[in-house]
Amino acid sequence: MELEQALQEHFGFSGFRPGQREACEAALDGRDVLVVMPTGSGKSLCYQLPALMRDDLTIVVSPLVALMQDQVEALQARGLGDRVALVNAQRDAATNAETLRRAASGDLSLLYVAPERFASPGFLEAMQDASIGLFVVDEAHCVSQWGHDFRPDYFRLADAARYLGAGSIVASTATATTRVALDIARRLGLDDPVNVATG
């Protein structure tokens, strides 16, 4: 399916905002991507659209439960509820376990998780058989000690992406100085990333 066609079908948009097409094409090509776009400029579409066009699983790591919930609900409202889910500490263990089972068996396109989840050996074990294409690090400035929201849990993510055999990493943030952007790329081990920045 062509990008424009998928954009219209899944999101109802007739055209891309600046930077979105470039990021989507890179993610579909299996490239590492660093997306720096202001809040409200459509960063999430840069990984959601490729995820919905791919045959494998996209894991989205976000530190903000409310943001994950909002994104999942927005996709559900577009009729994509059977392809997207989240696991977090506010849901009971049985619900989370069933969600992970569905993710590992290929029933989901997008799985949203908090960075703390990667500290759990049980989580990594449950995801070991999943076919993971994109590993998305949202709020990626949290990985940088130069960033304003540094979180130690983010240090595990590059290792986790490699351990799970992810095809490529998409790092996404609204705020990154040049120094922070370079630090994000280094700490996540981005391989010759496509840099998409709009202001």
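Partly exposed means a relative accessible area between the buried limit of under 20% and the exposed limit of over 50%. These close-up views come from a predicted model.

**View 1. Arg156 pairs with Asp153 in a salt bridge.** The N-to-O distance between the two side chains is 2.7 Å. How exposed is Arg156? Its relative accessibility is 36%, so Arg156 counts as partly exposed. The structure holds 10 salt bridges, and the Arg156–Asp153 pair is one of them.

**View 2. Arg21 and Glu25 form a salt bridge within helix α2.** Their closest N and O atoms are 3.4 Å apart. Helix α2 covers residues 20–28. Arg21 and Glu25 sit 4 residues apart in α2, which means a separation of about one helical turn. An α-helix has 3.6 residues a turn, so residues three or four places apart point the same way. Both partners are partly exposed: Arg21 has a relative accessibility of 30%, and Glu25 has 34%. A network of salt bridges links Arg21 and Glu25 with Glu4.

**View 3. Helix α2 has a set of buried residues.** Which residues of α2 are buried? They are Gln20, Ala23, Cys24, Ala26 and Ala27. Looking down the axis of α2, these buried residues fall within an arc of 165°, so they line one face of the helix. What covers them? The cover includes the helices α1 (3–11) and α3 (45–53). It also includes the strands β1 (33–36), β5 (132–138), β6 (168–173) and β7 (194–197). Gly30 follows α2. The phi of Gly30 is positive, near 80°.

**View 4. Arg186 and Asp183 meet in helix α8.** The two residues form a salt bridge, with the closest N and O atoms 2.8 Å apart. Helix α8 covers residues 178–187. Arg186 and Asp183 are 3 residues apart there, about one turn of the helix. Is each partner buried or exposed? Arg186 is exposed, with a relative accessible area of 56%. Asp183 is buried, at 4%.

**View 5. Gln48 is a buried residue of helix α3.** The relative accessible area of Gln48 is 5%. Because the limit for buried is under 20%, a value of 5% falls in that class. Which side chain makes a polar contact with that of Gln48? It is the side chain of Gln71, and the contact is 3.1 Å. Leaving out residues up to four places away in sequence, Gln48 touches Phe11, Gln71, Leu75, Leu110 and Tyr112. Gln71 thus appears both as a polar partner and in the list of touching residues.

**View 6. Cys46 and Cys142 are cysteines without a disulfide partner.** A disulfide is a covalent bond between the sulfur atoms of two cysteines. How many disulfides does the structure hold? The count is 0. For Cys46, the nearest cysteine sulfur is that of Cys24, 5.4 Å away. A disulfide needs two cysteine sulfur atoms within 2.5 Å, so Cys46 and Cys24 do not qualify. Cys46 counts as buried, at 1% relative accessibility. Cys24 is buried too, as one of the buried residues of α2. For Cys142, the closest cysteine sulfur is in Cys46, 18 Å away, and therefore too far for a bond. Cys142 is buried, with a relative accessible area of 3%.

Methods. Residues are numbered from 1 along each chain as its sequence is written. This is a predicted model: local features need pLDDT of at least 70, side-chain atom pairs count only at pLDDT 80 or more; totals for chains, interfaces and linings use all residues. Side-chain values use heavy atoms; hydrogens and water are left out. Buried means under 20% relative accessible area, exposed over 50%, partly exposed in between (1.4 Å probe, protein chains only). A salt bridge is a side-chain nitrogen of Lys or Arg within 4 Å of a carboxyl oxygen of Asp or Glu. Helices (H or I, at least four residues) and strands (E, at least two) are DSSP runs, numbered from the N terminus. The arc is that of the directions from the helix axis to the C-beta atoms. Contact means heavy atoms within 4.5 Å. A polar contact is a pair of N or O atoms within 3.5 Å; within protein, one must be able to donate a hydrogen and the other to accept it, and residues adjacent in sequence count only if both atoms are side-chain atoms.
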